[in-house]
Amino acid sequence: MTAPSPLNLGVLVSGAGSNLQAILDAISAGTLNARVKLVISNRPGAPALERARAARISALTIRHQDFDNREAFDAALVDALREVDVNWIVLAGFMRVLTPKFLSAFPGRIINIHPSLLPAFPGVDAAKQALDYGVKLTGCTVHFVDHGVDSGRIIAQRAVPVEAGDDVASLTARIHGVEHQLFVDVLREIAAGRVLPFEG
Ligand code: GRF
């Protein structure tokens with residue numbers, strides 16, 4: 001039996017990049033059969049870009065403000081990603097909603113991580129939403145990306161308890177730790193062919 005070929009990932013980021021780091025660490029530890037071909041941030045100076053460069057991964061900024069509309073921004077993302085021949089797209093803290101222009105370029109092969117047990121608490125400030133609501137259990141979700149906000153088909157979820165005395169920072173940190181494991185686990189499942197591209 002021939003070994004499966006590595007995933008060729010394009011990773012979109014906007015911020016700190018701790019999930020990107022978890023993916024890079026798993027690859028360099030030899031526990032994830034993947035290559036990160038390109039990291040793109042829509043925000044200049046995002047720490048995620050530095051993490052990519054430190055791992056000698058190509059990283060560039062494409063500012064959404066530089067485009068007249070969402071479709072033009074998405075077209076620029078697609079062009080950059082096609083040049084490096086990626087086969088899966090990972091949204092790792094990417095704070096933009098993608099248009100059909102982007103979705104149709106990588107059909108069924110775009111995944112996102114979100115810091116709640118979807119469909120609870122989609123959108124921004126998921127940990128704050130969980131605290132405000134008073135849930136005792138929240139978590140994180142990896143899902144396929146569709147045209148909506150955190151609304152695509154769920155691939156995997158993991159629960160995280162809300163502890164007495166939690167604030168947004170402490171709950172966010174606890175969720176983050178679990179996110180890093182879950183994201184890498186899902187990518188391993190994809191690399192092994194046990195999670196297939198979504199056919200909607
Ligand atoms: C994560 O909580 C992720 O679920 C959400 O944005 C955050 C990104 O964190 N989509 P980081 O940039 O990976 O540290």
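**Salt bridges and the ligand site**

At 57% relative accessibility, Arg-194 counts as exposed, a class that requires over 50% relative accessible area, whereas buried means under 20% and partly exposed covers the values in between (1.4 Å probe, protein chains only). The model is predicted, and local features therefore need pLDDT of at least 70 and side-chain atom pairs count only at pLDDT 80 or more, while totals for chains, interfaces and linings use all residues. Residues are numbered from 1 along each chain as its sequence is written, and side-chain values use heavy atoms, with hydrogens and water left out.

The side chain of Arg-194 meets that of Glu-189 in a salt bridge with an N to O distance of 3.1 Å, the term being applied to a side-chain nitrogen of Lys or Arg within 4 Å of a carboxyl oxygen of Asp or Glu. Glu-189 is partly exposed, its relative accessible area being 29%. Elsewhere, Arg-158, Asp-185 and Arg-188 are joined into one network by salt bridges that share partners. Within this network, the side chains of Arg-188 and Asp-185 meet at 2.7 Å, N to O, and both residues belong to helix 6 (residues 168–191), where they are three residues apart, about one turn of the helix. Helices (H or I, at least four residues) and strands (E, at least two) are DSSP runs, numbered from the N terminus. Arg-188 is partly exposed at 31%, and Asp-185 is likewise classed as partly exposed at 27%.

A salt bridge also links the side chains of Arg-53 and Glu-50, at 3.5 Å from N to O; these two residues lie three residues apart in helix 2 (residues 47–54), about one turn of the helix. Arg-53 has a relative accessible area of 41% and is partly exposed. Over the whole structure, the search finds seven salt bridges.

The residues surrounding the ligand, those with a heavy atom within 4 Å of it, include Ala-16, Asn-19, Ile-113, His-176 and Glu-179. At least two residues of this shell are supplied by each of helix 1 (18–28), strand 5 (110–114) and helix 6. An N or O atom in the side chain of Glu-179 is 2.3 Å from an oxygen atom of the ligand, and a backbone N or O atom of Ile-113 lies 2.9 Å from a ligand nitrogen atom. For Ala-16, a backbone N or O atom is found 3.4 Å from an oxygen atom of the ligand.

Notes:
Polar contact = N/O pair within 3.5 Å; in protein donor to acceptor, adjacent residues only side chain to side chain.
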